[in-house]
Each structure stands twice: as C-alpha cells, then as structure tokens.
Amino acid sequence: MAVFTASATLPVFRTSLFMFKCVCRKSPLADEVVLARHICGSTIRTRTTWFDRQKGSQNCTARRTKVEFAPGPNTFQRTQSTFTENNSSPSTRCTPELIKLPWSVQLGHFQAKGSRCYHSRRQLNTANFVDSCPPGAQPYLRLIRLDKPIGTWLLYLPCTWSIGLAAPAGSLPDLKLLTLFGVGALVMRGAGCTINDMWDVDFDKKVTRTISRPLAAGSLTRFQALVFLGAQLSVGLSVLLSLNNYSIILGAASLGLVVTYPLMKRITYWPQAFLGMTFNWGALLGYAAVQGSCDWSVCLPLYIAGINWTLIYDTIYAHQDKDDDVLIGVKSTALLFGDQTKPWLTGFSVVMLSSLILAGMNSDQAWPYYLGLGCVSSHLAWQIKTVNLSNSADCLSKFKSNKWLGLILFAGVVAGSIARNKPKL
C-alpha cells in the first residue's frame, strides 16, 4: 500500500518541483548564469550566487564570480575575459565585461577554474590542435606558426597556380604534385619562420605582436631552434629531391632568399619585395615540376604578379606594427608609404592583374580564367577600399582574406585549363 501511494504521488512531486524551479529561476535569490564570449569564439559560463552578488556590489573581483585566471608557464594567451563591476546597476550585480587586450599581455595561458569553457564548432582549427598537444611540443609548433596557417597558404597558392597553368589542355592539375608541394610549403614556411625568429629574437621582445613568440618568450633556446631547423630543412630537401633535376637546382637557388630575407628590414624600406621574391618562388618551381623546365613567357609574368600580390597583403600586414617599427628602427613599406599606402596598393594591383592577363594569354587560357581574374580584381578593390590601416584587427582580417583571393585564382586557372582546346595532332 505504501509503495502504491509513493508511486502515485511521485508525478505530483515532480511537477511541483519543476514549478518550484521555474519560480526560483526568476527569483533574485537564485544563482545567475552569465556567458562571456571570448575573442577566439569560446564561451565561459559562470555562476554567481545571491550572496556573492551582494558582496560583489562592494568589491567585485573575478573570484566573486567563481572564475579565476591563473597564467601557466611558457604558454600562450589568445583571449582574456576580465570581470568588472557593472556601473550601470552597481547595487546588486557583478557581470563579466569582455576586454580585448593588446598583444603585449599575451604571455600567459589563462584557464578558467570552477567554470567550463565551450569551444564553438568553428574553432576546430590548427590553433586548438596546437593547444591540445603536449606542453613540450607546443613551443616548436608555435615556432613554425602551425597555429597560424595563413602563411602556409600564401606560400602554397602560387605553386598551385603554376601547376595549374602547366597542366595539359583539358586536364586537371597533377594531384600528386599538389600534395607534394603542400607538404613542402608547410615545412619550408616553418623553416622560414624559424630562421626569421632566430634573426629577430631581440626585435621580437620589443614588439607587442611578437613578444610571445617562443624564442622571444624564452620557451626555446636558439640551439633548440637550430636543431629543429635542421630537421625541417632535411624534410624539405627530401621533398625537393623527389622532383626532376631542373626543379632541384631551381629550388636550391631559393635558399639564399629564405636565409637573407629577415635581414632586409634592417637595410631597406622594401623588405616586402624580398618576401615576395621568396614566397612566390613556387610560381617558377611548380611549372618546372610539371614541364621539366620553365616557359619564361608564362612563369615570369606569374612570378611578377605574385611579388606584387605579396606587396599588397604584406604592406597591409605591416601596418599592424608600424608604431613599434618606428621605435626599434625596423623598416617596412607601411612606413615608407604612410598615408599614401592605398594609391601604392592600387598600383601594385594593376601590375598584378596585368601580369596575370599576360600569363594567361601566353598559356592559351580559356574564358573561365579571365572570369576568375575579374573576381580577383573585385577582391583587391574591396580590400583596398575597406581596409582601415589604423586598425590592427582590420589589417589582420584583410591580410587573412588573401587566402580566398588565391583560391579564387586557382579555381580560375583549373577551370580555364579544362576549357582549353586540346591541340590537334
């Protein structure tokens, strides 16, 4: 009988409990759950009690909201939420306020204790992959900028253009070569970053954007970086040796540019031009890997187009550091052009597009290629018109958008090659 009574009253009890919870959620005595959105897209969920909120009105701290931030050794911080008192209603509440901090404070990796951090799906990227790796491996992965893959894309895309232009009429680009060059771009970009950081370790300590790099922060020593560089160059050499002899000689010729480029910012206001010559060497190498040699009527205009493309995106990128560059004596096109940057970028765009048209004509490209160039020109116009050169975040955003410009051009090259008429035998 007792069992029957209990089972009969259980649904009523559950309903009453549910109603009680609903009422309590609206009560000022209930806990409050507040969401703080990180810059990286993560969400910190915090819970505050009524008692904490009452004390928080007197002295609101991160501890009052059950969230404490503790920096770990030799690790990065990409975002930080700080909790401050809400001055609009100071009597009862303590709410999180998101503050976007300058890069100079990004030395510690801040972990939320007593709360959960939920990463959105769009954050499944290389940065999160690096964060999930063992602590001992993270400095090496950050040294090669694995958490910032945009540089690998910008090195790889000129290779894809030349491989596509060298493809036989009516055919897709060689997938094996595309994969091989992708691996090579990843490895050699990492080697270039390692060389750059070894040269610039003293400068990096004085620039807010670069102060958290492993060598500047002391996470790695120069000897460790040198040993790691040797391993990277060995992998890069193995990729190069898998190509034909002409390509091996051509690829080896670029090593001088890779080593000396970081020094150019000390000598000239045109280090972006030397970066362009280095980053776009794949415009020559990709064509040679397919055809066995370079057709200079195609490769040279493509190479010039790539150099001007680099002058565009890296000048925009350099505007992030122009204040620090003045203080430490580093030169860049951003400082050289100053307020006349946008007219210069327009001129580089004209040269880039003209060179791409010439390369397309000399390789007998079909109409889809020129349609792709129309899209590229629109993207360039959008970048130059809308970029705010005084806003570091906008400069970085426009810089990263060049990945899509390169992919648009690659799609045009592939479509144009497929649409080309096969030569009659």
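## A tour from the buried salt bridges outward

Start by selecting R213 and D204: both residues are buried. Here buried stands for under 20% relative accessible area, exposed for over 50%, and partly exposed for anything in between, with a 1.4 Å probe and protein chains only. You are looking at a predicted model, where local features need pLDDT of at least 70 and side-chain atom pairs count only at pLDDT 80 or more, while totals for chains, interfaces and linings use all residues. Residues are numbered from 1 along each chain as its sequence is written, and side-chain values use heavy atoms, with hydrogens and water left out.

**Stop 1: the charged network**

Keep R213 and D204 on screen and show their side chains, which meet in a salt bridge at 3.7 Å, N to O. The term covers a side-chain nitrogen of Lys or Arg within 4 Å of a carboxyl oxygen of Asp or Glu. The count by this rule is 8 salt bridges. Now add R145 and D197, and you have a network of salt bridges linking R145, D197, D204 and R213.

Pause on R145, which sits in the loop between α4 (138-143) and α5. Helices here are DSSP runs of H or I with at least four residues, strands are runs of E with at least two, and both are numbered from the N terminus. R145 counts as buried because its relative accessibility is 8%. Check its backbone too: phi of R145 is near 60°, a positive value in a residue other than glycine.

For a second positive phi, jump to D364, where the angle is near 55°. D364 belongs to the loop between α17 (341-362) and α18. Is D364 buried or exposed? With 56% relative accessibility, D364 counts as exposed.

**Stop 2: D200 and its partners**

Select D200 and K265 next; they form a salt bridge whose closest N and O atoms are 2.8 Å apart. This pair links distant parts of the chain, with D200 in helix α6 (residues 175-204) and K265 in helix α11 (residues 264-267), 65 residues apart. D200 and K265 are both buried.

Add R266, since its side chain also meets that of D200 in a salt bridge, at 3.1 Å, N to O. Again α6 and α11 are linked, here by residues 66 apart. D200 has 1% relative accessibility and so counts as buried, whereas R266, at 30%, counts as partly exposed.

**Stop 3: the nonpolar cores**

Now color F181, W309, M352, L356, Y369 and L409, the residues with the most contacts inside the largest nonpolar core, which has 64 residues. Such a core is a set of buried Ala, Val, Leu, Ile, Met, Phe, Trp, Tyr and Cys residues joined through side-chain atoms within 4.5 Å. Which helix gives the most to this core? That is α14 (residues 296-318), with 12 residues.

Center on W309. Contact means heavy atoms within 4.5 Å. Leaving aside neighbours within four places in sequence, W309 is in contact with residues including L154, W161, M352 and L405. Another core, of 10 residues, lies apart from the largest one; I195, M198, L215 and L229 are among its members.

**Stop 4: helix α19**

Select residues 392-400, which make up helix α19, and pick out its buried residues: D394, C395, K398 and F399. They cover an arc of only 140° around the axis, which puts them on the same side of α19; the arc is taken from the directions from the helix axis to the C-beta atoms. These buried residues pack against α5 (150-166), α14, α18 (367-386) and α20 (402-419).

**Stop 5: the annotated segments**

Finally, the unreviewed UniProt entry places the feature "transmembrane region" at several ranges, including 150-171 and 367-384. The positions follow the numbering used here, feature names are shortened, and annotations may be inferred rather than shown by experiment. Over residues 150-171 the model is 77% helix and 0% strand, with end C-alpha atoms 28 Å apart. Residues 367-384 are 100% helix and 0% strand, and their end C-alpha atoms lie 26 Å apart.

Zoom out to finish: the protein has 20 helices and 7 strands, and 47% of its 425 residues count as buried.
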